[in-house]
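Got your viewer open? Load the model, switch on a cartoon with side chains available, and keep the selection box handy.

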Amino acid sequence: MDIQNRIENYWEDAAPSFNSWIQYELGSFKKNAWMKLISKNIPANDRLEVLDIGTGPGFFAIIMSEMTHHVTAVDCSPNMIHYASHNAKQAGVSPKFHMMDSHMLDFPDNQFDVVMCRNLTWTLKEPEKAYGEWKRVLKPGGTLLIFDANWYLRFFNSELNESFKEDMRRIEAMGLIDPYDYEDTQECDKISLALPLSRQYRPQWDLKVLQECGFTNIRQNPDITELVWDEDEKIRYRSTPLFMVRAQK
């Protein structure tokens, strides 16, 4: 089985539990926190054409629709699309969902004002190819927003690995429940070891590759955890802060 099939199978199995986490996010302070952060980084327009890549159970698709934008969302997992469609219906919004490989988007050139994703890029088997594809579907002047972290750099950095172990000891001592207890840890670790971005220091890598792809006005915020994470997440993922990269076509 090739790496792409393993990735798709992994997230297909993870969809039910991941959906529970998204349900929590939609009912917490995080929803408005993400809306506020995103609004500051996209054009001030009430009806943007937005593409949410790797939508999962639809968090970005839902909140962007509630912000009155016209949203298209894609994911490679049928289960994720199922939950996203259900969650959007419950929220009273109507983004368009498609099952699609993020490396090969079935959209014409220059279609979207905003392309965005969260915790997706680390899973890409060919990230440079994907970034080029995302640029293709952006309109001239369009905005790319990437939210991600160095989730598995610890396998290649002893200092980060020690920090991760310390975080795990702390959360165990505090009795914190793992929101991702669905994970097949061994399979996830094996997949991450086979993915190119697990070995890269990010967002430095992203800035370089986006510039090579022809993006302009590239900016980063290396740590947005205080803006969008709850207190448990700040403890659990202390050694892997969430970053943001913003770029324009």
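What follows is a walk from stop to stop, with something to select at each one.

**Before you start**

This is a predicted model, so local features need pLDDT of at least 70 and side-chain atom pairs count only at pLDDT 80 or more, while totals for chains, interfaces and linings use all residues. Residues are numbered from 1 along each chain as its sequence is written, and side-chain values use heavy atoms, with hydrogens and water left out.

**Stop 1: helix 2 and its partner E233**

Select residues 30-39, which is helix 2. Helices here are DSSP runs of H or I with at least four residues, strands are runs of E with at least two, and both are numbered from the N terminus. Helix 2 is mostly covered, with seven of its ten residues buried. Buried means under 20% relative accessible area, exposed means over 50%, and partly exposed is in between, using a 1.4 Å probe and protein chains only. Colour the buried ones: K30, K31, A33, W34, M35, L37 and I38.

Now add E233, which sits in helix 10 (residues 231-236). Draw a distance from its side chain to that of K30 and you get a polar contact at 2.8 Å. (A polar contact is a pair of N or O atoms within 3.5 Å; within protein, one must be able to donate a hydrogen and the other to accept it, and residues adjacent in sequence count only if both atoms are side-chain atoms.) E233 is buried, at 6% relative accessible area. Setting aside residues up to four places away in sequence, E233 touches W21, K30, V228 and R238, where contact means heavy atoms within 4.5 Å.

**Stop 2: N41, in the loop after helix 2**

Pick N41, in the loop between helix 2 and strand 1 (49-53). Is N41 buried or exposed? N41 is buried, with a relative accessible area of 11%. The side chain of N41 reaches back to the backbone oxygen of L37, at 2.8 Å. Show T143, L145, M244 and R246 as well: N41 is in contact with these, leaving aside its neighbours within four places in sequence.

**Stop 3: helix 3 and the turn at T68**

Select 59-66 for helix 3, where seven of the eight residues are buried. Those are F59, F60, A61, I62, I63, M64 and S65. Just after helix 3 comes T68, in the loop leading to strand 2 (70-75). Phi of T68 is near 75°, a positive value in a residue other than glycine. T68 counts as partly exposed, at 38%.

For another non-glycine with positive phi, jump to N110, at about 55°. N110 lies in the loop between strand 3 (96-99) and strand 4 (112-118), and is partly exposed at 39%.

**Stop 4: two cysteines**

How many disulfides does a search of the whole structure find? Zero, with a disulfide taken as a pair of cysteine sulfur atoms within 2.5 Å. Select C76: its nearest cysteine sulfur, that of C117, is 13 Å away. C76 is partly exposed at 21%, whereas C117 is buried at 0%.

**Stop 5: the cavity**

Rolling a probe the size of a water molecule over the atoms shows where empty space is left. A cavity is a set of points, on a 1 Å grid over the protein atoms alone, where a 1.4 Å probe fits but cannot get out; a pocket is an open set with protein on both sides within 12 Å along at least five of seven lines, and lining residues have an atom within 4 Å of a point. Points are joined across faces, edges and corners, and a volume is the space filled by probe spheres set on them.

The whole structure has one cavity of 30 Å³ or more, holding about 40 Å³. Select W122, A149, N150, W151, Y152, L153, L197 and S198 to see its lining.

**Stop 6: a pocket and a cis bond**

Finish with N150, L153, L160, Y201, R202, P203, Q204, P222, S239, T240, P241 and F243, which line the second largest pocket. Its volume is about 170 Å³. While there, zoom in on the peptide bond from R202 to P203: it is cis, with omega near 10°. P203 is in the loop between helix 7 (185-193) and helix 8 (204-213).
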